[in-house]
Amino acid sequence: MAQETVFEPWNDHNESPLIQFKNVTKRFGDFIAIDDLTQDIYAKEFFALLGPSGCGKTTMMRMLGGFETPTSGTIKIAGQDMNNVPPNKRAVNMMFQSYALFPHLSIYENIAFGLRRADMAKGAIDARVTEMLKLTRLEKFAQRKPHQISGGQRQRVALARSLAKAPKLLLLDEPLGALDKKLRQDTQFELMDIQEKTGTTFVIVTHDQEEAMTVASRVAVMDEGRIIQVATPDAIYEAPNSTYVADFIGDVNLIKGQGELRTSNAPVQEVEPEQTTEIIIDDTPRPQPNKFGEWIHDKRLSPIIGERIEPIKQLPPPSAQELSTAPASASTPEGGIALNWSTEHPAIIVSNGDEAQDGKTLTFAIRPEKLNISRTKPDAPNALQGTVIDIAYLGNVSTYHVELTGGQMVKAQMANSRRLARRDITWEDNVWVSFTDTAGVLLER
Amino acid sequence: MKRFSWFNATALTLGFTFLYLPMVILVIYSFNESKLVTVWAGFSIKWYGELLQNEAFLNAAWVTIKVAIFSSTLATVLGTMAAYVLVRANRFKGRTLFSGMIYAPLVMPEVITGLSMLLLFIGIGLDRGVLTIVLAHTTFAMCYVSVVVSSRLVSFDRSLEEAALDLGCSPWQAFRLVTLPIIAPAVISGWLLAFTLSLDDLVIASFTAGPSATTLPIKIFSAVRLGVSPEINALSTIMIAIVTVGVISASLISKQASLKQQRDEQAAARG
């Protein structure tokens, strides 16, 4: 993985943002749609605004498009204050949720519409429209009217039309909402592909977390007019900053308890976790002696040149995958936080917990797929006993609803990697739910 | 469902007889040979020929058509504008009052509309003639136009206009290039409705018409006071024909537009 190809302009201090929201507030009467919001979005990003309906995501996008003006605060695009710039004077195009294709114009004319308003030469318009038709694979439908094509094709026309003017910024308002699941997934990859090809900055509004995770370089989770967290999809999923985000994105088990600094009464182990990865194996082929050579050496040459040195027989270092799936040894690294949450269970060991969380009321969030479930007590830093209440078989995975002793419900998800696997665990079974000391996160709010 | 029953047939016959018998009689007698209106003396179209010789009637017909064309065009422009603002504009104070007020003239007694128009024209010293009739007809016809157009605009997807703005249109261009072509069927049927209303009107026209300009309904009305002639019957038949054609084509235009859309959508669904 080459470091320089990672696209992270938000971590680069030399990069100046394309879009800047500065203390933007938008009120509709008494209703506060956007509440003192400050956010930067960088060029070439695929930025997703995610949240339940009414969280202000669409308002934020409509302000970028120029269809709403902020009640207070400023929005800058490429350094220019946009507050008094009408939609038709912005280098921003929008793809509408309803697609908003002009029903009285052909597909060709729909795509050419924006170009014709821009005083372009006829030949140039034709070339650009043809290019767009090709990009979205709509060449065959150029002369049809919007109601003579299918939903997926309409969606592509809307995309082609909004991209035709080569905007600096493309806004997508729930662009795939009207498509069925299969088509939506295909189109998501198509969108990413087109975004990469054209190098346009995309801001997408969606309430579908899977869609946001798939397409976006960064996801902003919104609630009640505020952005709760902005991060890459994996960070949002693996390191949510609040129970709201953890709960909104995917499935999560939440366990409330009291944080306590872990004392080092556990036997201190000499752990050298970095060692294994530092062994450099020289695996260039080298001539090895055959049977006869070994005999010559051992019988005749060893008195002169010394004993033969056997090449070191060693396993290759564990791959990244092996490291992540290797069962955690009993030697849990010290430090972190222990969460006292129940009198009937040992404290949950969270070695990645922040020491500052000592003594606070915390919520432990862990994803179902990070829980392991077994009939015998496993060798893991955290193992909790419970009873299987329900099993949901979903094909690729099975979700086990386990009631821990004391009443706390948790969900554990196991991949069905073998056909009819894990039939050994069934309803009413007493099981152990285990997880590593770094599988979950501790949240303060 | 039972399609035919004696009750249904009787009800239908009675209703339509009540509605159309007078007109049917008028149309039949317009082809009467005899000069006496109530005595049938055989089929003839001579009264239509006679009508073409009657200078006064022809002048009145010309005035009526001029008035109808100008007033319906003006009413369509004003009515569409009013409908657009009332449907489109953001909430402003008194919006409900305004939209209620635009429908008020529909139920206002024509005598009152005519009288108030007359007073206004006298007040500002405007000579009564073609212009005053045009203005008066525009006033009441634009309400009808705005009702027709606003009912179309309510179901109009606003994001189409936003898309046009987004693609670089000025608000006026967005209206001209996107909104107007899409609502055109409603605008055209509004125009036809205004046209036929203006053609029919007697009360308001008689208040606002002057000696220099008389419309056909006024002419017929005053002629009938001297006695009904077969010529009047012929003239009325022509007017019935024009109005019928106008109303039917207005409804056909809107029906055809929706039918066409349905057909296209079905074609699209089939692939």
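What share of the 271 residues of chain B count as buried? I looked that up before anything else, and it is 34%. By buried I mean 20 or more other C-beta atoms within 10 Å of a residue's own, while 12 or fewer is exposed and in between is partly exposed, with C-beta atoms placed from the backbone.

A note to self on the source: this is a predicted model, where local features need pLDDT of at least 70 and side-chain atom pairs count only at pLDDT 80 or more, though totals for chains, interfaces and linings use all residues. Residues are numbered from 1 along each chain as its sequence is written, and chains are lettered from A and ligands numbered from 1 in the order in which they are written.

Next I checked the make-up of chain B. I found 11 helices and zero strands (DSSP runs numbered from the N terminus: H or I of at least four residues for helices, E of at least two for strands). Its C-alpha atoms fill a box of roughly 70 × 65 × 35 Å along the principal axes.

Then I picked B:Thr214, in the loop between α9 (203–208) and α10 (216–225). B:Thr214 counts as buried because it has 20 C-beta neighbours inside 10 Å. Beyond four places in sequence, I saw it in contact with B:Ala60, B:Val63, B:Ala209 and B:Lys219; contact means C-beta atoms, placed from the backbone, within 7 Å. From B:Leu153, 61 residues away along the chain, B:Thr214 is separated by 37 Å between C-alpha atoms.

Last, I looked at where the chains meet: 21 residues of chain A and 19 residues of chain B take part. On the chain A side, β6 (92–95) and α2 (107–116) each supply at least two residues.

Note on methods. Contact = placed C-beta atoms within 7 Å.
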